[in-house]
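Let's take a walk through this structure together, moving from the overall picture to a few places that repay a closer look. Keep the model open as you read, so that you can find each residue as it comes up.

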Amino acid sequence: MASTTRLPDEPPAPDRAPGAEAAAPARPPRAGRDALLDNAKFLLIVLVVAGHAIEPTTESRIAEAVYFWVYLFHMPAFVLISGYLSKSQDGSGRRIDKLLTTIAAPYLIFWGVYALQSLSVDRNLPDGPLEPLWLTWFLAALFVWRLTVPLWKRIRFPLAVAVAVSLAGGLVATGDVLGMSRIVSLLPFFVAGLLMEQRHLDLLKSGWVRAWSVGVLVVTAAMSYLYLEQLSREWIYWRESLADRDMDILPVGIPGRILFMLLAFSLTVAVLSLTPRAKTWFTRYGALTMYAFLLHGLVIRIAEQFGWYEWALGTLGDIGAFAVTGVLGVGLTFLLMSAWVRAGTHWLVEPKLDWILRRDRDLRPAPSLRLPDLRLPGRR
């Protein structure tokens, strides 16, 4: 499989109707990918995989603090980047086709894959596919967020509205359908990505922003060790509303939600500021993050099923199991993005749906209409 595979959160290639690839004339190569975003996506997917890998080994204080610190920002940062790369979503037939093939179809496929694995170990299942299963929540959320892109482009003060929606969403029981709590809670990060422009990315490379970013990383890491790791993980999972947690709105609920939103935004800015902007040896992996994201959970659950974590904790101790499992998580990230794994799994991660998509003309841009000049002769 070619290594230039596009993923759901990448800039789309020029549109064409399904099945028309063979007949399309050769096109000049499109502009190069943004190395900063690819580098950031790679670093974040390493944290996602390693974070899931070490979760069962967070018995020690240092392990719990590292886990908590990573979860403060890694998914909010991913969501913000996804928003930035969703600017072209306009609700057209071509864009809807892309949503179906790159997001909806993999969601249903991997929901089934994780459901089968869960059944093999008698793990409880959601009531149905409309309730995301483990990491599939991100695909469900991305599908909904991208459908709403035209809305955010039309309203005034979109970020303020998104923050208000996020805070208001914490006051009601959101239920499990589509992982609605995460969709609402993380909405400000997606909208912030939509609003972000190249000038904002350029600002991140200034010296004072980078110095501030180093301070943010150090201070939040220290806070995670001293204080934050003692708090509920639900603050960083964003999967339950305040109502679902039976938490009082004041003095803890809303202020706490605002605090963790600010922490996540600050850390996201810090990570983007300190990420290399030039092409590096790992830049190319930024285009392959969906493979690592969708496949790593299956490996981790199988490792749990066969007793890896019990053996590691019993043999290596808390710190040893945490360190070894973290290193293995990093290695797993590279493995799942390797050419041979992609060749064997592309039909799952990137399914072809040409057989089910319409091939009619409504996918083409509507021709511009010129109204006849109805003015009377001599009148202007």
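## A guided walk through the helices

A good place to begin is L159, which is in contact with P188, V191, A192 and L195, once its neighbours within four places in sequence are set aside. Please keep in mind throughout that this is a predicted model. L159 sits in helix α6, which covers residues 158–169. Between the C-alpha atoms of L159 and V191 the distance is 6.1 Å, although 32 residues separate the two along the chain. Is L159 itself buried, exposed or partly exposed? With a relative accessibility of 32%, L159 counts as partly exposed.

Three of those contacts, P188, V191 and A192, are listed among the buried residues of helix α8, together with L187, F189, F190, G193 and L194. Helix α8 runs over residues 187–195, and because eight of its nine residues are buried, the rest of the structure largely encloses it. What provides the cover? Among the elements lying over the buried residues of α8 are α2, α4 (137–147), α5 (149–154), α6, α7 (180–185) and α12.

Now step back to the whole chain. Its secondary structure consists of 15 helices and zero strands. Of the 380 residues in the chain, 48% are buried. Counting contacts with a separation of 6 or more, 83% are made by residues 24 or more positions apart. The chain exposes about 19,200 Å², and 65% of that comes from carbon and sulfur atoms.

One helix deserves a look for its geometry. Helix α3 takes in residues 93–120, 28 residues in total, and spans 39 Å from its first C-alpha to its last, close to the 40 Å expected at 1.5 Å a residue. Even so, α3 has a bend of about 35 degrees at L100. After the helix comes D122, whose phi is positive, near 60 degrees.

Next, consider the charged pairs. How many salt bridges does a search of the whole structure find? The search finds seven. In one of them, the side chains of R61 and E229 meet at 2.9 Å, N to O. This pair links distant parts of the chain, 168 residues apart: R61 belongs to helix α2 (residues 61–84), while E229 is in the loop between α10 (207–226) and α11 (234–237). The two partners differ in their surroundings: R61 is partly exposed at 37% relative accessibility, whereas E229 is buried at 11%.

Another salt bridge brings together the side chains of D202 and R277, at 3.7 Å, N to O. D202 lies in helix α9 (residues 198–203) and R277 in the loop between α12 (249–274) and α13 (289–305), so this bridge ties together parts that are 75 residues apart in sequence. Here D202 is partly exposed, with 32% relative accessibility, and R277 is partly exposed too, with 24%.

A further salt bridge joins the side chains of E234 and R239 at 2.8 Å, N to O. E234 is buried, its relative accessible area being 14%, while R239 is partly exposed at 41%. In addition, E55, E64 and R233 are joined into one network by salt bridges that share partners.

The loop between α11 and α12 offers a nice contrast. Both W238 and D246 are found there. W238 has a positive phi near 60 degrees, although it is a residue other than glycine. D246, also not a glycine, has a positive phi near 55 degrees. Which of the two is buried and which is exposed? W238 is buried, with 5% relative accessibility, whereas D246 is exposed, with 71%. Moving on into helix α12, you reach P251; the peptide bond from L250 to P251 is cis, with omega near 5 degrees.

Let's finish on the surface. There I62, Y225, L226, Y227 and I319 form a nonpolar patch, with about 500 Å² of accessible area together. One of its members, Y227, lies in the loop between α10 and α11 and counts as exposed at 56% relative accessibility.

Terms used:
Residues numbered from 1 in each chain as written. Predicted model: local features only at pLDDT ≥ 70, side-chain atom pairs only at ≥ 80, totals over all residues. Heavy atoms only, no water. Helix = DSSP H or I, 4+ residues; strand = E, 2+ residues; numbered from the N terminus. Expected span 1.5 Å × (residues − 1). Bend = angle between axes of the 7 residues up to and from the residue. Buried < 20%, exposed > 50% of the residue type's maximum accessible area, 1.4 Å probe, protein only. Contact = heavy atoms within 4.5 Å. Salt bridge = Lys/Arg side-chain N within 4 Å of Asp/Glu carboxyl O. Areas by Shrake-Rupley, 256 points an atom, 1.4 Å probe, with all protein chains shown as cover. Patch = residues over 30% accessible without salt bridge, like charges linked within 9 Å, V, L, I, M, F, W, Y side chains within 5 Å.
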